[in-house]
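Colleague: I am new to this one. Can we go through it term by term, with a reason for each label?

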Amino acid sequence: MRKHFAIGTGNHLTLHGIDLIELSSKYGTPLFIFDEATLNENFERFRRAFEKVYPKNMICYSTKTNNNLTICKLLREKGASAEVASELGLYAALKAGFPGNKLIYDGPFKPISVLKKALKNNILLVNVESFQEMKKLNSIAGEMGVEQAIGLRVNSFKPPRFFKYLNPNNLLEAGYCHPSCRFGFLLRDIHKAFEYAQKMENLRLECLMAHPYQRASNLLLPLLKDAHEQFGFEIKYLNVGGGFDPGVSGSTGDFLLILDFIKRKLGLKSSLDKRKEIPSIESVAESIAKDIKQNLGNLPEPTLITEPGRFIVGSSGMLLSRVDQIKMAGGYKWVIVDAGTNIVPLIHDRRRILIANRATESNKELVNVVGPLLYPKDFIAIKESIPNVEENDIIAVLDCGAYSLSSSTQFLYPRPTAVLINSREEVKVIRKKETPEDVLRKDALI
Ligand SMILES: Cc1ncc(COP(=O)(O)O)c(C=O)c1O
């Protein structure tokens, strides 16, 4: 999105020539702004990266990242398929016009009613996560008189070995449990899962899946071989999940903040200022394709499925938020704005921010931008460097397209307007601002 910014009259930030301060006056703040050009560019870059090295592939946009109907529809029109993970996700994908045969259904919780809807809509694949789920799906498919194609999700969790004692995170994980080990089949159970799948007369095993992509191809390729050679399955799809990091925002967490505080007291350099290096999507695609080609042997080439979310939508959305108050406390400058983790995700607190009404000013100071909620973790940005900020400034929070519209809550505040600047550079509302009546509409007063 940054490349479509410019400075307009009055030192205002513009996007495709549209004055963002005028937009904030017209629609009020907070205001989400999505950019169709950026959405297209992100999708195209991802598509080209994989197309170049592995043409037989299918991009299943992870709808939970942003389930707005217009966003989903635009991605469908660009040629995306979709990954859904709930009844809401399935509803949104169908409503946005995705045909069932371009949908795959993921997730550890799949209620019978939703599985039935998915099968009724001829869903391409259901990625099964447990023996119980396989049994349940087999009987649903039997009742409905259909044969359903399935994938098996394989868990890439590796129990930490001896070196766990040297890593405090591993110690913690070994101490209670690895939070991710509930997803999919553990590697040690996967042959049993193949045997089980052979007995499911109404299911057809066609896919192996793991998420995130980092360990997926290493994990899945030997299993693909086993599935073909030892169990006689014809695996058509290899799904490496999501996890494609656009590298535009980051998180710190309490531990790093405390460490930073101690470092500052000792006069040391803050480690919060380091940005992590993210591999380019082109190099990620290349290494996945290389892994597959090198390890496939004589097996038929599977269709590679990817489930990107943040990479596609993250940088296509921004948030405009008004500075309500400025306060000094604890050695920090706190900028209190009218939007918080109620509408942008809690997982990121290192976001790029700009002052949209004084876009060229360059004197910088470190500030914490915090939302209106009453809990300490309500951060928009931690220790970001921006020009001297004043009350009523409009802060542009970049890279807010992922896990904002789909995971915002109505805690204390109704959800705000979202607009899209479309390819004709017109502004269209893609989600209307809620009112207190909207929030309480389903409540009963008894
Ligand atoms: C199964 C699955 N697929 C895809 C995604 C999207 O991941 P990302 O947005 O990191 O690409 C997620 C997100 O957690 C996921 O759980």
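Modeller: Start with the elements: helices (H or I, at least four residues) and strands (E, at least two) are DSSP runs, numbered from the N terminus. This is a predicted model: local features need pLDDT of at least 70, side-chain atom pairs count only at pLDDT 80 or more, and totals for chains, interfaces and linings use all residues. Residue numbers start from 1 along each chain as its sequence is written.

Colleague: What follows helix H5?

Modeller: Asn122 does, and its phi is positive, near 55 degrees. H5 itself covers residues 112–120.

Colleague: Which residues of H5 are buried?

Modeller: Leu115, Ala118 and Leu119. Buried means 20 or more other C-beta atoms within 10 Å of a residue's own; exposed means 12 or fewer; partly exposed lies in between; C-beta atoms are placed from the backbone.

Colleague: Why do the buried residues of H5 line one face?

Modeller: Seen down the axis of H5, they fall within an arc of 95 degrees, so they line one face of the helix. The arc is that of the directions from the helix axis to the C-beta atoms. The face turned away from the buried side carries the exposed residues Ser113 and Lys120.

Colleague: What covers the buried residues of H5?

Modeller: The cover includes helices H4 (87–95) and H6 (131–144). Strands S7 (103–105), S8 (125–128) and S9 (148–153) are also among the covering elements.

Colleague: Why does Leu320 count as buried?

Modeller: Leu320 has 27 C-beta neighbours inside 10 Å. The cut-off is 20 or more, so Leu320 counts as buried.

Colleague: Where is Leu320, and what does it touch?

Modeller: Leu320 sits in strand S13 (residues 317–329). Beyond residues up to four places away in sequence, its contacts include Leu20, Pro30, Ile33, Ala356 and Ile394. Contact means C-beta atoms, placed from the backbone, within 7 Å.

Colleague: How do you know that S13 and strand S14 pair?

Modeller: Two strands pair if DSSP finds at least two bridges between them. Six bridges join S13 to S14 (residues 332–337), and the two run antiparallel. One of the partnerships is Ala329 with Tyr332. Two residues lie between the strands of this hairpin, where Gly330 takes a positive phi near 65 degrees. S14 also runs parallel to strand S16 (residues 364–370), joined by four bridges. There, Lys333 has Val367 as its bridge partner.

Colleague: Which strands pair with S19?

Modeller: Strand S4 (residues 31–35) pairs with S19 (residues 417–421) in the parallel sense over five bridges. Strand S20 (residues 427–431) pairs with S19 in the antiparallel sense over four bridges. Ala418 has a bridge partner in each: Phe32 in S4 and Arg431 in S20. S19 and S20 form a hairpin with five residues between them, and Glu425 in the turn has a positive phi of about 60 degrees.

Colleague: Which strands make up the closed barrel?

Modeller: Eight: S5-S6-S7-S8-S9-S10-S11-S12, with parallel pairing. Within the barrel order, S5 (residues 57–62) and S6 (residues 81–84) pair over three bridges. Ser62 has Glu83 as its bridge partner in S6.

Colleague: What surrounds the ligand?

Modeller: 14 residues; the closest are Ser62, Gly242, Glu307, Gly309 and Arg310. The criterion is a C-beta atom, placed from the backbone, within 6 Å. By class, the shell has three nonpolar, seven polar and four charged residues. Nonpolar means Ala, Val, Leu, Ile, Met, Phe, Trp, Tyr, Cys and Pro; charged means Asp, Glu, Lys and Arg; the others, Gly among them, count as polar.

Definitions and conventions
Contact = placed C-beta atoms within 7 Å.
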